[in-house]
Amino acid sequence: MKIILSTTFRSFDRSLESSNQMDFLKSINKYSKNIDLCVTQFNEKNVKKKIYENFSGKIFYQNIKPKNYKWSHSEVFKFALNRAKKKRYDYIG
């Protein structure tokens, strides 16, 4: 089964948020052969670096400069959906 997981992260500059996000990355890293990570960011800090350091699977990354919104799940999912069209996945999450 091949999964594309769409997500976004907050900046890795706060200890509690950073710790929780690192736990998430470590938990999915066990399945990195089956999961491709599709990350949309909205100018958050240190995200790309932390993801590439802590996830060994395939990563699709985009950074959007927000205009009138802080973040948008529709933008996050749209990016993953467009990536999924280019390759066959069993599940988009």
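The following paragraphs lead the reader through a predicted model, from a strand residue to an aromatic cluster and then to two loop residues.

We begin with Thr7, which lies in strand 1, a strand made of residues 3-7. Thr7 has a relative accessibility of 14%. Because buried means under 20% relative accessible area, Thr7 counts as buried. What surrounds this residue can be read from its contacts. Leaving aside the neighbours within four places in sequence, Thr7 is in contact with Leu37, Cys38, Val39, Thr40 and Val76. Strand 2 covers residues 35-41.

We turn next to the aromatic residues. The structure holds 2 aromatic pairs. In one of them, the ring centres of Phe9 and Phe12 are 6.0 Å apart and the ring planes meet at 35°, so this pair is tilted. The reasoning rests on the angle: planes under 30 degrees apart count as stacked and those over 60 as edge-to-face, while the rest are tilted. Phe9 is buried, with a relative accessible area of 4%. Phe12 likewise counts as buried, at 7% relative accessibility.

Phe9 also forms an aromatic pair with Phe24. Here the distance is 6.1 Å from centre to centre, the angle between the planes is 55°, and the pair is again tilted. Where do the two partners, Phe9 and Phe24, lie? Phe9 belongs to the loop between strand 1 and helix 1 (15-29), whereas Phe24 belongs to helix 1 itself, so the pair ties together parts that are 15 residues apart in sequence. Phe24 counts as partly exposed, because its relative accessibility is 30%. Taken together, Phe9, Phe12 and Phe24 form one aromatic cluster.

The last stop is the loop between strand 2 (35-41) and helix 2 (47-54), where Asn43 is found. Asn46 has its place in the loop between strand 2 and helix 2 as well. What is the sign of phi in Asn43, a residue other than glycine? The value is positive, with phi of Asn43 near 65°. For Asn46, phi is also near 65°, a positive value in a residue other than glycine. The student may now consider how far these side chains are open to the surroundings, using the accessible area. Asn43 has a relative accessible area of 40% and is therefore partly exposed. Asn46 is partly exposed too, with a relative accessible area of 44%. Both descriptions follow because exposed means over 50% and buried means under 20%, with partly exposed in between.

Terms used:
Residues numbered from 1 in each chain as written. Predicted model: local features only at pLDDT ≥ 70, side-chain atom pairs only at ≥ 80, totals over all residues. Heavy atoms only, no water. Helix = DSSP H or I, 4+ residues; strand = E, 2+ residues; numbered from the N terminus. Buried < 20%, exposed > 50% of the residue type's maximum accessible area, 1.4 Å probe, protein only. Contact = heavy atoms within 4.5 Å. Phe/Tyr/Trp six-rings, centres within 6.5 Å; stacked < 30°, edge-to-face > 60°.
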